[in-house]
Amino acid sequence: MNLAELNKVAEAMVARGRGILAADESSGTIKKRFDALGVESTPDNRRDYREMLFRSAEAMSKYISGVILYDETIRQTAKDGTPLVKLIEKAGSIPGIKVDKGTKPLPFCPGEVVTEGLDGLRERLVEYRGLGVKFAKWRAVIDIAGGPVPSYTCIRTNTHALARYAALCQDEGIVPIVEPEVLMDGDHDIERCYQVTEMVLKIQFEELYFQRVALEGMVLKPNMVVPGKKSGKRVSVEEVAEKTLRALKACVPAAVPGIAFLSGGQSDEDATAHLDAMNRMGPLPWRLTFSYGRALQHAPQKAWSGKSENVAAAQRAFNHRAMMNGLAATGQWKADLERKAA
Ligand code: 13P
């Protein structure tokens, strides 16, 4: 393992004022997004949509440090024949890849899931590295929606798999994004989200230690500490920022170069405002930035709606969200910048 090289890539992924575009929706997930727009989910439409994002020059060159791709996308070429990976590199961004194989029911733990994909992972990493990938992502899902969940079995099993994935990545010269996501689904309050997030992160870093993962060569991708979507409770931006930072400070060693949040179903503006508020509460021991899927893509997806004549408008929408989140990554976002653009 060349830790200096891994550290250099990890630092670049969380470079000041830049964050990650999660464009790694599986074919099933992107179909759901396209269905909502009335767009047929064909390989060409998926390519056209993602090519539109990767050709958004302002976003990609100024605010997007890296892009997480799905297996299909990494093998696709743009309309003019350029591999999409090359488009990303030319724009000054780093290509990455989702390597988990999704979730399956966890035995004896009703309602809970485990993320699979460790078998054959080393060989897949070698292939992806050959295709230009510098980092990878694996997402574990912890559901706290009611009942006796999450179980210790679920937390332990998922964080263990994440740590084994992270060790394999580093052994193959690829920076792992470690994503143990505590879902927003459910009617729990923010305190419950805090407790579960803290427990998950504590156990996650213990598992990483046991697998000998070098913290300097990874990026953490956590959820923010928020109330459940069905709780009907609104809390202030400051409360989310304060509680999220409290959990992170209690659990994430300063050796980790950066933390890149998932958006997890928050509104676009909430995801930006929360990140901004946390960065205003610095100084912090790590870079805090975004690795958003929905909160970066929702607006451009809608503007695009599958029509080539909408590409320019969709790129404007993407450039705007990327800039807003880039500002939030340094604590310089302002709500009125959103109104001005509208
Ligand atoms: P969201 O920002 O839509 O939660 O997606 C981020 C991601 O990559 C989930 O794995």
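So, pLDDT is the predictor's confidence in each residue, on a scale from 0 to 100. I start there since what we have on screen is a predicted model. Averaged over the protein, pLDDT comes to 96, and 98% of the residues score at least 70. If you go element by element, the lowest mean pLDDT, 84, belongs to helix H14, residues 335–341. At the other end sits strand E8, residues 219–220, with the highest mean, 99.

Okay, helices next. Two packed helices are described by the angle between their axes and the distance between the axes. I've got two pairs to show you.

Pair one is helix H2, residues 27–37, with helix H3, residues 43–54. Their axes come within 12 Å and cross at roughly 80°. Angles from 65 to 115 degrees count as roughly perpendicular, so that's the word for H2 and H3. Who does the touching? On the H2 side we have Ser 27, Ile 30 and Phe 34, and on the H3 side Asn 45, Arg 46, Tyr 49 and Arg 50. Sort the residues of that contact by type and you get 3 nonpolar, 2 polar and 2 charged.

Pair two is H11 with H13. Here the axes come within 8 Å, crossing at roughly 25°. The cut-off for roughly parallel is under 35 degrees, so H11 counts as roughly parallel to H13. H11 brings Asp 268, Glu 269, Thr 272, Leu 275, Asp 276 and Asn 279 to this contact, while H13 brings Arg 321, Met 324, Asn 325, Leu 327 and Ala 328. By type, the residues here divide into 4 nonpolar, 3 polar and 4 charged.

Let's stay around those helices for a second and look at the backbone. Follow the chain out of H11, which spans 268–280, towards strand E10 at 287–292, and in the loop between them you'll find Pro 283. The peptide bond leading into that proline, from Gly 282, is cis, with omega near 5°.

A bit further on, there's a loop between helix H12 (294–304) and helix H13 (311–328), and that's the place of Ser 305. Its phi is positive, near 50°, and this is a residue other than glycine. Is Ser 305 buried, partly exposed or exposed? With 22% relative accessibility, Ser 305 counts as partly exposed.

Phe 108 does a similar thing with its backbone: phi is about 65°, positive, although Phe 108 is not a glycine. You'll see Phe 108 in the loop between strand E4 (103–105) and strand E5 (113–115). Exposed means over 50% relative accessible area, and Phe 108 has 85%, so exposed it is.

Now cysteines. A disulfide is a covalent bond between the sulfur atoms of two cysteines. How many disulfides do we count here? The count is 0. Take Cys 109: the nearest cysteine sulfur belongs to Cys 154 and is 6.8 Å away, whereas a disulfide needs the sulfurs within 2.5 Å. Cys 109 is buried, at 9% relative accessible area. Cys 169 is buried too, and its value is 0%.

Last bit: three residues and their surroundings. For the contacts, I'm skipping neighbours up to four places away in sequence.

Glu 179 first. That's in strand E7, residues 175–182. Buried means under 20%, and since Glu 179 has 2% relative accessibility, it counts as buried. Which residues is Glu 179 in contact with? They are Lys 137, Trp 138, Arg 139, Ala 140, Leu 162, Lys 221 and Leu 262.

Then Thr 73, in helix H5, residues 71–74. Thr 73 is buried as well, with 0% relative accessibility. Its contacts are Arg 50, Phe 54 and Leu 84. You may remember Arg 50 from the H2 and H3 contact. Thr 73 and Ala 23 are 50 residues apart along the chain, and their C-alpha atoms are separated by 9.1 Å.

And finally Lys 134, in the loop between helix H7 (121–130) and strand E6 (135–142). Lys 134 is partly exposed, at 41% relative accessible area. Along the chain, Lys 134 and Ile 94 are 40 residues apart, with 6.9 Å between their C-alpha atoms. Ile 94 is also among the contacts of Lys 134, together with Val 9, Pro 95, Gly 173, Ile 174 and Val 175.

That's my tour, thanks!

Notes: Residues numbered from 1 in each chain as written. Predicted model: local features only at pLDDT ≥ 70, side-chain atom pairs only at ≥ 80, totals over all residues. Heavy atoms only, no water. Helix = DSSP H or I, 4+ residues; strand = E, 2+ residues; numbered from the N terminus. Buried < 20%, exposed > 50% of the residue type's maximum accessible area, 1.4 Å probe, protein only. Axes fitted to C-alpha atoms, helices over the stretch in contact; angles between N-to-C directions. Parallel < 35°, antiparallel > 145°, perpendicular 65-115°, else oblique. Contact = heavy atoms within 4.5 Å. Nonpolar A, V, L, I, M, F, W, Y, C, P; charged D, E, K, R; others polar.
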